[in-house]
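Trainee: I've got this model open and I'd like to go through it with you. Can we start from a single residue and work outwards?

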Amino acid sequence: MDINSSHAARHSEQDFSRKFSTYVDSGVGVIHVRTHEIIRAAMALRKQIIVDGGSVKEWDIVNGFKTYTRDNVNDVLVTGDSNIDIGGAFAVPLDNLKNNAGAQNIMCYVYLNPHVFMEGNPTLAHLLMTYSHVLPATNTVVVVLTPDMPLPVDSGANILSMHFDPPGLGELKDSLTGILSGVME
């Protein structure tokens with residue numbers, strides 16, 4: 001594999017985080033993140049949301065919603081609420097909007113791999129459409145994190161799609177250096 005200077009200089013996590021913050025600050029309501037590295041992308045999202053002063057709830061089919069803070073942002077073993085019903089979980093941002101209108105801080109709901117439930121599901125398509133039109137006027141963002149593929153719904157929604165790229169050469173070097181320094185201690 002040939003690595004040119006642009007690949008060597010790329011820092012995918014920093015680039016992604018900067019773009020993500022810009023989109024959230026500009027009022028995007030629904031963001032679809034496409035990646036081959038779901039867990040790495042989820043960790044980058046958590047860190048950036050918390051650094052920007054927001055709150056993050058992350059949903060997956062095994063744990064339900066997990067709440068992340070500065071204290072547990074890197075912890076992969078956070079206990080969830082066991083709400084593994086995708087329909088109920090996907091309605092949570094709408095319910096919270098009704099109860100917390102006028103919230104000052106950004107609230108991000110991150111859904112890991114919900115695409116397997118979306119095809120042929122009119123409820124999720126409707127919620128995506130609703131979120132894409134309602135959330136830009138609020139401090140709430142829905143993030144749908146999937147493998148690198150289009151969403152399997154035609155919701156008529158204005159969903160911003162962005163990629164989380166593999167690590168650049170510099171990131172790989174930093175990771176290897178960290179591993180080696182840990183082994184040599």
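Trainee: Let's take T140, then. Is T140 buried or exposed?
Mentor: Keep in mind that this is a predicted model. T140 has a relative accessible area of 9%. Buried means under 20%, so T140 counts as buried.

Trainee: Which residues is T140 in contact with, if we leave aside its neighbours within four places in sequence?
Mentor: First place it: T140 lies in strand 5. With those sequence neighbours set aside, the contacts of T140 are G29, P93, L97, M107, Y109 and L135.

Trainee: M107 and Y109 caught my eye. Which residues of strand 4 are buried on each side?
Mentor: Strand 4 is mostly covered, with six of its six residues buried. Both of its faces are covered. One side has M107, Y109 and Y111, and the other has C108, V110 and L112.

Trainee: How many bridges join strand 4 to strand 5?
Mentor: These two run parallel. One pair to look for is Y111, whose bridge partner in strand 5 is V144. The number of bridges joining strand 4 to strand 5 is six.

Trainee: And what about strand 2: in which sense does it pair with strand 4, parallel or antiparallel?
Mentor: S55 stands opposite M107 in strand 4, and W59 has Y111 as its bridge partner there. Strand 2 covers residues 55–60 and strand 4 covers residues 107–112, with five bridges between them. The sense of that pairing is parallel.

Trainee: Zooming out, which are the edge strands of the whole sheet?
Mentor: Six strands form an open sheet with mixed pairing, in the order 3-2-4-5-1-6. An edge strand here pairs on one side only, and that applies to strand 3 (64–68) and strand 6 (160–164).

Trainee: How much are neighbouring strands of this sheet turned against each other on average?
Mentor: Ignore direction for this one, and the average turn comes out at 25 degrees.
Helix 2 (residues 12–25) packs on that sheet, touching strand 1, strand 4, strand 5 and strand 6. So you have two angles to keep apart: helix 2 makes about 165 degrees with the direction of strand 6, while the average between neighbouring strands is 25 degrees.

Trainee: Which strands does helix 4 lie across?
Mentor: Helix 4 covers residues 86–99, and its direction is at about 170 degrees to strand 4. The strands it lies across are strand 2, strand 3, strand 4 and strand 5.

Trainee: Is helix 4 roughly parallel or roughly antiparallel to helix 6?
Mentor: Helix 4 and helix 6 (residues 122–134) pack at about 25 degrees, with their axes 10 Å apart. Angles under 35 degrees count as roughly parallel, so helix 4 and helix 6 are roughly parallel.

Trainee: Which residues of helix 6 make that contact?
Mentor: From helix 4, the contact uses I86, G87, F90, A91, V92, P93, L94 and L97. On the helix 6 side, the residues are L124, L127, L128, Y131 and V134.

Trainee: Last one: how many of the 14 residues of helix 3 are buried?
Mentor: Among the buried ones are I38, M43, L45, R46 and I50. Helix 3 is largely enclosed by the rest of the structure, because the buried count is 10 of the 14.

Note on methods: Residues numbered from 1 in each chain as written. Predicted model: local features only at pLDDT ≥ 70, side-chain atom pairs only at ≥ 80, totals over all residues. Heavy atoms only, no water. Pairing = 2+ DSSP bridges. Helix = DSSP H or I, 4+ residues; strand = E, 2+ residues; numbered from the N terminus. Axes fitted to C-alpha atoms, helices over the stretch in contact; angles between N-to-C directions. Contact = heavy atoms within 4.5 Å. Buried < 20%, exposed > 50% of the residue type's maximum accessible area, 1.4 Å probe, protein only. Parallel < 35°, antiparallel > 145°, perpendicular 65-115°, else oblique.
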